[in-house]
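Trainee: I would like to learn how to read a structure feature by feature, beginning with the pairs of charged side chains. Could you take me through it slowly?

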Amino acid sequence: MHMDLNASDRARPWPVRPAVGFLHPLEVVKDQDLEPVEKREILAAWASDASAVEHRPSHRWLLGTPAPVPLSEVLSALSRLDREPFS
């Protein structure tokens with residue numbers, strides 16, 4: 001059975017862009033070209049289970065980054081972002 005899907009029925013792509021160019025979560029926090037909401041989206045994606053490293057659940061590897069980082073460092077960056085004014 002063939003079904004035609006209109007644009008509203010199709011799955012939307014992941015709303016967060018890959019973290020291309022970032023080596024560490026703190027680089028996201030310090031990036032002056034990103035709005036606070038964009039920083040939070042990237043860091044939340046980095047912290048998510050979808051970025052978990054197989055057999056290393058305490059590490060996350062976000063699409064576009066060169067290597068995994070400890071989840072604690074991602075959470076620390078999120079905490080720092082929350083403490084910054086106008087975040």
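Trainee: How many salt bridges are there?

Mentor: The general idea is that side chains of opposite charge can pair when their charged atoms come close. In this structure, which is a predicted model, the count comes to two salt bridges. In one of them the side chains of Asp82 and Arg40 meet, with 2.5 Å from N to O. Asp82 belongs to helix H3 and Arg40 to helix H2, so this pair ties together parts that are 42 residues apart in sequence. Arg40 itself is partly exposed, at a relative accessible area of 27%.

Trainee: With which residue does Arg60 form a salt bridge?

Mentor: Arg60 pairs with Asp49, and the closest N and O atoms are 3.3 Å apart. This pair also links distant parts of the chain, since Arg60 sits in strand E2 and Asp49 in the loop between H2 and E1, 11 residues apart. For the accessibility of each partner, recall that buried means under 20% relative accessible area and exposed over 50%. Arg60, at 5%, is therefore buried, whereas Asp49, at 64%, is exposed.

Trainee: Since Arg60 has brought us to a strand, how should I read the sheet, and in what order do its strands lie?

Mentor: Strands of a sheet pair through backbone hydrogen bonds, either parallel or antiparallel. Here an open sheet of three strands has the order E1-E2-E3, and the pairing is antiparallel. E1, residues 52-53, and E3 are the edge strands, each pairing on one side only. Two bridges join E1 to E2, and Arg60 in E2 is the bridge partner of Ala52.

Trainee: Is His59 in strand E2 buried or exposed?

Mentor: His59 lies in strand E2 and is buried, with a relative accessible area of 16%. Once its neighbours within four places in sequence are left aside, the residues in contact with His59 are Ser51, Ala52, Val53, Pro68, Val69, Pro70 and Leu71. For contrast, look at His55, which is found in the loop between E1 and E2 and is exposed, with a relative accessible area of 74%. His55 has a positive phi of about 70° although it is not a glycine.

Trainee: Turning to the helix that holds Asp82, which residues of H3 are buried?

Mentor: An α-helix has 3.6 residues a turn, so residues three or four places apart point the same way. Helix H3, residues 71-83, has 13 residues and reaches 19 Å from its first C-alpha to its last, close to the 18 Å expected at 1.5 Å a residue. Its buried residues are Leu71, Val74, Ala77, Leu78 and Leu81. Seen down the helix axis, the buried residues of H3 fall within an arc of 125°, so they line one face of the helix. On the other side of H3, Ser72 and Arg83 are exposed.

Trainee: What covers the buried residues of H3?

Mentor: The cover includes helix H1 (25-30), helix H2 (36-47), strand E2 (56-60) and strand E3 (69-70).

Trainee: As a last exercise in reading contacts between residues separated in sequence, which residues does Gly21 touch?

Mentor: Not counting residues up to four places away in sequence, Gly21 touches Glu27 and Gly64. Gly21 and Gly64 are 43 residues apart in sequence, yet 7.0 Å apart in space, C-alpha to C-alpha. Gly21 lies in the segment before H1 and, at 59% relative accessibility, counts as exposed.

Conventions
Residues are numbered from 1 along each chain as its sequence is written. This is a predicted model: local features need pLDDT of at least 70, side-chain atom pairs count only at pLDDT 80 or more; totals for chains, interfaces and linings use all residues. Side-chain values use heavy atoms; hydrogens and water are left out. Helices (H or I, at least four residues) and strands (E, at least two) are DSSP runs, numbered from the N terminus. The expected span of a helix is 1.5 Å times one less than its number of residues. Buried means under 20% relative accessible area, exposed over 50%, partly exposed in between (1.4 Å probe, protein chains only). The arc is that of the directions from the helix axis to the C-beta atoms. Contact means heavy atoms within 4.5 Å. Two strands pair if DSSP finds at least two bridges between them. A salt bridge is a side-chain nitrogen of Lys or Arg within 4 Å of a carboxyl oxygen of Asp or Glu.
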